[in-house]
Amino acid sequence: MIDDRPVLLETRGHSLHITLNRPRAINALTHTMVRLIDEALTAAERDGTVTSVVLTGAGERGLCAGGDIRALHDDTRAGGRASLYFWRDEYRLNARIARFPKPYVALMDGIVMGGGVGVSAHGSLRIVTERSRVAMPETAIGFVPDVGGTHLLAAAPGELGTHLALTGRSVGAADALLCGLADHYVPTRRLPELTEVLAVSVTVEEAERTVRRFAEEPPVGEPGEPGELAAQRAWIDACYATDSVEEIVRRLEDTATPAAADVVAELGGRSPLALKVTLAAVRRAARLGSLEAALDQEFRVSARIREEPDFVEGVRARIIDKDGSPQWKPATLAEVDDSTVARFFAPLGPDEPELGLASGATATGTA
């Protein structure tokens, strides 16, 4: 009999296994799943016999492809507020994972995107494999990196995080390690053995040593394959070291490398509004410092960008109709001025409480 519960919980020795269980949707997160994960972490934190938490995804395609984009699209299009309640609880979960007092071992095997990064890349022991493809692809759907993604990408070496934030490109194991999105590489075939040994690790220190013992050097492929970013640092750092998207595009156009020309074409298909707000969000996150402050900022941005037409249009074009031809509004970078961008970061009004993680606020939304 197939177990269709969206989150499966199993205690194996001293490990609590949390399995995201929507394989047909590459384990895309729903609000129910966020709440179930949070409840599981509460129980694991209080249980003295649990020395580690292991997060996995059901099926062969990946850990998690992100949030349930269709549900968020439908709610936003209908003028609902369910997406706001979802983000409020999701971002709180992201912060909780980062501060969880026991080893939180995320097996980032296969596709790990958007919300999938949020429930894995803030963990204390983040494992990628030869199958891993990690991304924050929000600009392609008229949205902005969230779930603490701006905090993670702002901390990446040089301008690699800016490059990934604006393009939404996915990276493999070597690049995920380089960018600080993961800690260790373990081949997929060794994951079952790793989890077995974790189950008999009776202390936090043992669990941490176990993961390190299984870690190997990641494979680095040819140009265009995982592991390419290190070789591209020079032109990426030079082109993205500015606070203007227009200037980034100009520098990319002037760079004599086919890889830079490919980026120009990619950025040309992204939402101009999302590009400019994303660049500002990453730059601001770098100054904010803490994950909690970045999540507070991301909630403001998410609450406002859902009011713009690009999110609904981007999901329609990329996910629903799949025609690949979103009609962005505004249609050009020149039409998005500084005052428009600044509005996304202003304090929320009285109808929508701030997330308040950095200040310790605990207000919650209710459906």
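## Warm-up exercises on a predicted model

Of the 367 residues in the protein chain, 55% are buried. Keep in mind that this is a predicted model.

**Exercise 1.** Work out why the protein chain counts as being as compact as a globular protein of that length.

*Solution.* Start with the parts: the chain has 16 helices and nine strands. Next, take the radius of gyration, which is 20 Å. The globule rule gives 21 Å for 367 residues, and the two values are close, so the chain is as compact as a globular protein of that length. To picture the extent, note that the C-alpha trace spans about 60 × 50 × 40 Å along its principal axes. Finally, check the contacts: among those with a separation of 6 or more, 74% are between residues 24 or more positions apart.

**Exercise 2.** Describe the outside of the chain and where its charges sit on average.

*Solution.* Begin with the surface: about 15300 Å² is exposed, and carbon and sulfur atoms supply 52% of that. Then turn to the charges. There are 40 positive and 53 negative ones, and their mean positions lie 2 Å apart.

**Exercise 3.** Decide whether G161 is buried or exposed, and find what it touches.

*Solution.* First locate the residue: G161 belongs to helix α6, residues 160-167. Its relative accessibility is 1%, and buried means under 20%, so G161 counts as buried. Now look for contacts, skipping residues up to four places away in sequence: G161 touches L153 and A156. One more distance to try on the model is G161 to C179, where the C-alpha atoms are 7.1 Å apart and the sequence gap is 18 residues.

**Exercise 4.** Hunt for aromatic pairs, and say which parts of the chain two of them link.

*Solution.* A search of the whole structure turns up three aromatic pairs. Take Y91 and F299: their centres are 6.3 Å apart with 85° between the planes, which makes the pair edge-to-face. This pair links distant parts of the chain, since Y91 is in helix α3 (residues 82-98) and F299 is in helix α14 (residues 291-305), 208 residues apart. Both Y91 and F299 are buried.

Now for F143 and F311, a tilted pair at 5.1 Å centre to centre and 45° between the planes. Here F143 lies in the loop between β8 (133-135) and α5 (149-154), while F311 lies in helix α15 (residues 309-320), 168 residues away. Check burial as before: F143 has 5% relative accessibility, so it counts as buried. F311, at 1%, counts as buried too. To finish, add W87: ring pairs join W87, F143 and F311 into a cluster.

Key:
Residues numbered from 1 in each chain as written. Predicted model: local features only at pLDDT ≥ 70, side-chain atom pairs only at ≥ 80, totals over all residues. Heavy atoms only, no water. Helix = DSSP H or I, 4+ residues; strand = E, 2+ residues; numbered from the N terminus. Rg over C-alpha atoms; globule rule 2.2 N^0.38 Å. Buried < 20%, exposed > 50% of the residue type's maximum accessible area, 1.4 Å probe, protein only. Contact = heavy atoms within 4.5 Å. Areas by Shrake-Rupley, 256 points an atom, 1.4 Å probe, with all protein chains shown as cover. Lys, Arg positive; Asp, Glu negative; His and termini not counted. Charge placed at Lys NZ, Arg CZ, Asp CG, Glu CD. Phe/Tyr/Trp six-rings, centres within 6.5 Å; stacked < 30°, edge-to-face > 60°.
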